[in-house]
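Me: Hello! I am new to reading protein models and would love a guided tour. Could you take me through a few features, one at a time?

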Amino acid sequence: MKIGILTYHYGYNFGGVLQCFALQQTLKELGFSNVQVVNCIPNRVKFYLGGLPRKRRIRTVFDWWLRLRYGRKCRKSFNSFRKNYLNMTAEIECKFLPALANSFDVLIVGSDQIWNYREQANGMFFLDWKPSFKGVKIAYAPCCGKNLVNEKYRASLNKALIDFHVLTVRNKETQLFVKNLTGIMPSIVPDPTFLYDFRKYIKKRMIKDKYIFVYTLGEEINGGNKKAIEQIKKKYPNCKVVASVIAYSNPQKVNWADFVFYDLNPIEWLNMIYFADFVFTDSFHGTIFSMKFNIPFIVYYSEEQRKYRFDELIKQFGINSNVVSSMKGVKEYLAQPFFEVNFDKKFNEFSKYGKNILRESLSNLK
């Protein structure tokens, strides 16, 4: 049986690439060896301008300078990872997708925000194209970001979703999105990064000193990231501040850090989280890996649409105090007595559950 994965494998974003890798590897561990990532990029202009960049209110001259100076090496780091770790098809244009799709017995879409508002027009991640794919359609943990339906495409989205043989989602917001469109209440399943043990890729410290690791994608926290880090440093006075910036797709000035990496590859990024003493982030996957490696962390959101992705993590792991939206929340978290937290048991439970969903979805097709 030949399985294809359709997701955000192509962006310059650590979480997007790693969740694709995790799903690929998990399927292989389950005994499905013939797995390929469908290498189709729906919006080539956006891709070549920087993958899936976050939009900030002001793009400074310094930001563009960072992209010019480090962007090429950043692209190389991501592309090298894809080449070495993802079993991809040849790169194709969207017009050739229907023909390529029919070489697969199963297509799995997910995870990440592949069902967000801007993707609803082209139908690619809803497996909606002509001629229709005749194989088995599985949605594993896709996310819509925020429950918004492009009314222009409501009818086609409804038809596409009810045509899935297995329909699961990543969080409550996406569950409501599907319910709104179809009347179906799909199961919530863990992100693919829950399912796979990345520890075999932990190799070495890149920073000898103790450090606070910073990885942010969107707007700064209300009050400013610099002030937030100043508060964290009071709790960790002997730690350096090390930031990771994706220079190609999300260049940003971080002049309050002791050191900034502009061109980490996904494996190096994992290692930076693993060896950190503390993590400050607004990233969904930055949060997941902090928990997987049991690293103390604060995750913030300043844009309301980014809040929804953390709601399910709060429910699953009880990390209410870790998720903040302002300096007040940072101070309240840091004022608590710190105690060692271990999420391994929870991750093992979620991993078994997610793997069982995939196994049951595919077991009759071998």
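Reply: Gladly! Let us start in a loop: S111 sits between strand β3, residues 106-109, and strand β4, residues 136-139. Please keep in mind that this is a predicted model.

Me: Which residue is joined to S111 by a cis peptide bond?

Reply: That partner is G110, and the omega angle of the bond is about 0°.

Me: Which residues does the cis peptide bond with an omega of about -10° join?

Reply: It links K130 to P131. You will find P131 in the loop between β3 and β4.

Me: What is the phi angle of D112?

Reply: D112 has a positive phi, about 70°, although it is not a glycine. Look for D112 in the loop that runs between β3 and β4.

Me: Is D112 buried or exposed?

Reply: Buried is the word for a residue under 20% relative accessible area. D112 comes out at 12%, so it counts as buried.

Me: And where is N294, the residue with a positive phi of about 55°?

Reply: N294 lies in the loop between helix α10 (284-292) and strand β11 (297-300). N294 is not a glycine either. Its relative accessibility is 21%, so N294 counts as partly exposed.

Me: Now a helix, please. What does G16 contact, apart from its neighbours within four places in sequence?

Reply: G16 belongs to helix α1, which spans residues 14-29. Beyond those neighbours, G16 is in contact with Y8, D112 and H285. G16 is also buried, with a relative accessibility of 3%.

Me: How far apart are G16 and L176 in space?

Reply: Their C-alpha atoms are 23 Å apart, while 160 residues separate the two in sequence.

Me: Let us turn to cysteines. How many disulfides does a search of the whole structure find?

Reply: First the general idea: a disulfide is a covalent bond between the sulfur atoms of two cysteines. Here the search finds zero.

Me: Why is C40 not bonded to C94?

Reply: The two sulfur atoms must be within 2.5 Å to count as a disulfide. The sulfur of C94 is the closest cysteine sulfur to that of C40, but the distance is 3.6 Å, so it is too far for a bond. C40 is buried, with a relative accessible area of 0%.

Me: Which cysteine sulfur is nearest to that of C74?

Reply: It is the sulfur of C20, 18 Å away, and C74 is in no disulfide. C74 is buried too, with a relative accessible area of 1%.

How values were computed:
Residues are numbered from 1 along each chain as its sequence is written. This is a predicted model: local features need pLDDT of at least 70, side-chain atom pairs count only at pLDDT 80 or more; totals for chains, interfaces and linings use all residues. Side-chain values use heavy atoms; hydrogens and water are left out. Buried means under 20% relative accessible area, exposed over 50%, partly exposed in between (1.4 Å probe, protein chains only). Helices (H or I, at least four residues) and strands (E, at least two) are DSSP runs, numbered from the N terminus. Contact means heavy atoms within 4.5 Å.
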